[in-house]
Amino acid sequence: MDCSQTARVDLHIHTTASDGTLTPAEIVHLASEQGLKAIAITDHDTLDGAGDALAVADGTAPVEVLAGVEISAATPSFYPRPGSIHILGYGIRLDDAPLNDALSRLRDARKNRNPRIIQRLNALGFALTLTEVTEHAGACQLSRPHIAQTMVKKGYAGSLDEVFERYLRVGCPAYVDKFRVGCAEAIELIRGGGGIAVLAHPGLLKPVRNLSWDELIRKLKEIGLQGLEVYYPEHSPGRTARLTALDRKST
């Protein structure tokens with residue numbers, strides 16, 4: 001793609017290979033129709049969607065497709081919060097063995113967690129089965145959003161946000177933790193697979209006492225981070241401006 005001209009791109013897209021609503025083929029066709037010049041398929045912990053999108057585009061689509069992934073990594077010791085830090089990988093090799101092995105372990109961890117979440121929801125009084133969630137999700141990689149969607153469909157909540165805030169987020173009664181690769185390992189895997197490691201939606205990270213945003217980014221850069229996702233739907237204009245300035249300062 002000619003970077004000398006302004007172009008519309010979307011570098012954070014999930015497909016039905018993880019928790020998205022459109023297939024890789026539908027994404028490529030929609031992006032082409034919308035006049036995007038480039039997209040990155042960044043499904044959670046899988047390269048399947050990226051591979052399928054590249055096959056559909058086949059170098060002939062008007063939109064350039066970049067192979068990507070979003071890894072849910074364990075928070076590093078200098079950011080002592082439960083949950084994950086999400087690392088985006090761009091331009092990675094689809095056949096990189098170490099990366100694929102790690103992603104397989106992460107998918108297994110996600111798969112093994114789902115029945116335990118259902119059990120906790122059952123204990124809270126919700127009549128919900130893994131079969132129902134699977135039928136609702138179809139061929140997708142099952143995850144918490146699919147459980148939340150099924151709960152909304154059954155009338156147990158009014159929105160996905162409500163399900164997460166009341167039941168599925170860290171600290172909520174139906175939350176179940178899972179295995180994650182370390183943050184430094186996730187970055188190393190992405191870079192070892194020929195990719196660029198970028199911090200996903202940094203504006204959503206919660207503050208930690210005695211650790212400024214600048215310090216957090218500096219420490220992540222020290223372990224190999226190469227970029228920040230500045231533009232994200234849940235970033236306010238003010239946060240986007242601050243992240244832009246921070247990104248320029250860090251380069």
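## A buried asparagine

At 3% relative accessibility, N114 counts as buried, because anything under 20% falls in that class. Keep in mind that this is a predicted model, so what you see here is computed. N114 sits in helix α3.

Who does N114 touch? Setting aside neighbours within four places in sequence, N114 is in contact with L130, L142, S143 and I147. One of these, I147, turns up again in the next section, where it helps α5 meet α4.

## Two helices that cross

Now look at helix α4, which covers residues 130-137, and helix α5, which covers residues 144-153. Two packed helices can be described by the angle between their axes and the distance between those axes. For α4 and α5, the axes come within 9 Å and cross at roughly 95 degrees. Angles of 65 to 115 degrees count as roughly perpendicular, and α4 and α5 are therefore roughly perpendicular to each other.

Which residues do the touching? On the α4 side, they are E132, V133, H136 and A137. On the α5 side, you'll find H146, I147, Q149, T150 and K153. Sorted by class, the residues of this contact come out as 3 nonpolar, 4 polar and 2 charged.

## The largest pocket

Rolling a probe the size of a water molecule over the atoms shows where empty space is left. The largest pocket holds about 1,800 Å³ of space. It is lined by 46 residues, and the closest to its centre are H86, R169, H201, L204 and Y232.

Quite a few elements pitch in here. Those giving two or more residues to the lining are the strands β1 (9-13), β3 (64-74) and β4 (84-90), plus the helices α3 (97-123), α5 and α6 (160-168). So you've already met two of them: α3 is the home of N114, and α5 is the partner of α4 in the crossing. By class, the lining of the largest pocket has 18 nonpolar, 13 polar and 15 charged residues.

## The second largest pocket

How much space lies in the second largest pocket? About 350 Å³. Its lining is made of 13 residues, with L228, E229, V230, Y231 and D247 nearest the centre.

Here the elements that supply two or more residues are β6 (196-199), β7 (227-228) and α9 (237-250). Helix α9 gives the most, with 3 residues. As for classes, the lining of this second largest pocket has 7 nonpolar, 3 polar and 3 charged residues.

Conventions: Residues numbered from 1 in each chain as written. Predicted model: local features only at pLDDT ≥ 70, side-chain atom pairs only at ≥ 80, totals over all residues. Heavy atoms only, no water. Axes fitted to C-alpha atoms, helices over the stretch in contact; angles between N-to-C directions. Helix = DSSP H or I, 4+ residues; strand = E, 2+ residues; numbered from the N terminus. Parallel < 35°, antiparallel > 145°, perpendicular 65-115°, else oblique. Contact = heavy atoms within 4.5 Å. Nonpolar A, V, L, I, M, F, W, Y, C, P; charged D, E, K, R; others polar. 1 Å grid on protein atoms, 1.4 Å probe; cavity = no way out; pocket = protein on both sides within 12 Å on 5 of 7 lines; lining within 4 Å. Points joined across faces, edges and corners; volume = space filled by probe spheres on them. Buried < 20%, exposed > 50% of the residue type's maximum accessible area, 1.4 Å probe, protein only.
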